[in-house]
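Q: I would like to learn how to read a protein model feature by feature. Could you take me through one slowly, giving the general idea before the particular case?

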Amino acid sequence: MKIRWLICSVMVVLVTGCAAFSPPPAEQVVADRAQQRVDLLMAGEHEKSYQLTTPGYRSTENAGQYGTRWAGVAMWKDARVQSVDCAGETPEACTAVFKVTYNAMQHGLQTTNLFEQWVFVSGDWYFVQKF
């Protein structure tokens, strides 16, 4: 009886331990990285935000060029991830949707949605910056 109890206890610990070490779902990782990227943009940290773009993009444009693409972020008041959609059991691409509040000249605060594409490359998730 003691052996049966010991085996059950060990199995519970192993199953619980394995669950504790399982990686977070792709949707959570992308939501965190996408929010981090936008927070960095809004803080004027273009170089750090640039590091979250795909390696392919970084091989063609520098951080300064990337920063000029996002100059309009200075008008943003708030940007929050609303949802992330990743297809499949082991997704390689996801779409993050932001709710962005910005100050439009002569129109005051406005709200819009921003859709971003993210891809899984070399073990991590990166923002797909379009040219």
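Q: To start with a single residue, is R33 buried or exposed?

A: The general idea is a cut-off on relative accessible area: under 20% is buried, over 50% is exposed, and anything in between is partly exposed, using a 1.4 Å probe and protein chains only. R33 is buried, because its relative accessible area is 14%. Before going further, note that this is a predicted model, in which local features need pLDDT of at least 70 and side-chain atom pairs count only at pLDDT 80 or more, while totals for chains, interfaces and linings use all residues. Residues are numbered from 1 along each chain as its sequence is written, and side-chain values use heavy atoms, with hydrogens and water left out.

Q: Which elements make up the chain, and in what order do they run?

A: Helices (H or I, at least four residues) and strands (E, at least two) are DSSP runs, numbered from the N terminus. Here the chain has five helices and four strands, and from the N terminus on the order is α-α-α-α-α-β-β-β-β. Of the 131 residues in the chain, 31% are buried.

Q: How can the span of a helix be checked, taking α2 as the case?

A: The expected span is 1.5 Å times one less than the number of residues. For the 17 residues of α2 this gives 24 Å, and the C-alpha atoms at its ends are 24 Å apart, so the two agree. After α2 comes G44, whose phi is positive, near 80°.

Q: Which residues of α2 are buried, and what covers them?

A: The buried residues of α2 are A26, V30, A31, R33, A34, Q35, R37, V38, L40 and L41. Their cover includes the helices α3 and α5 as well as the strands β1, β2, β3 and β4.

Q: What is a nonpolar core, and how many residues does the largest one have here?

A: In soluble globular proteins, nonpolar side chains tend to be buried together. A nonpolar core is a set of buried Ala, Val, Leu, Ile, Met, Phe, Trp, Tyr and Cys residues joined through side-chain atoms within 4.5 Å. In this model the largest such core has 26 residues, and W76, F98 and W118 have the most contacts inside it. At least two residues of this core come from each of α2 (26–42), α5 (63–69), β1 (76–86), β2 (93–104), β3 (108–121) and β4 (124–127), with the largest share, seven residues, coming from α2.

Q: What does W76 touch, leaving out residues up to four places away in sequence?

A: Contact means heavy atoms within 4.5 Å. With those sequence neighbours not counted, W76 touches V38, M42, W70, V100, T101, Y102 and L114. For the chain as a whole, residues 24 or more positions apart account for 49% of the contacts with a separation of 6 or more.

Q: How many salt bridges are there, and which parts does the pair of D124 and R33 tie together?

A: A salt bridge is a side-chain nitrogen of Lys or Arg within 4 Å of a carboxyl oxygen of Asp or Glu. The structure holds five of them, and in one, D124 pairs with R33, the closest N and O atoms being 3.5 Å apart. D124 lies in strand β4 and R33 in helix α2, so the pair ties together parts that are 91 residues apart in sequence. While R33 is buried, D124 is partly exposed, with a relative accessible area of 25%.

Q: Which other residues form salt bridges, including the one between R69 and E61?

A: The side chains of R69 and E61 meet at 2.9 Å, N to O; R69 is partly exposed at 35% relative accessible area, whereas E61 is buried at 14%. Another salt bridge joins D78 and R80 at 3.4 Å, N to O, and D39, D78 and R80 are linked in a network of salt bridges.

Q: Where does T54 lie, and why does T54 count as buried?

A: T54 lies in the loop between α3 (46–50) and α4 (55–58), and T54 counts as buried because its relative accessibility is 14%. Leaving aside neighbours within four places in sequence, T54 is in contact with V119, Y126, F127 and V128.
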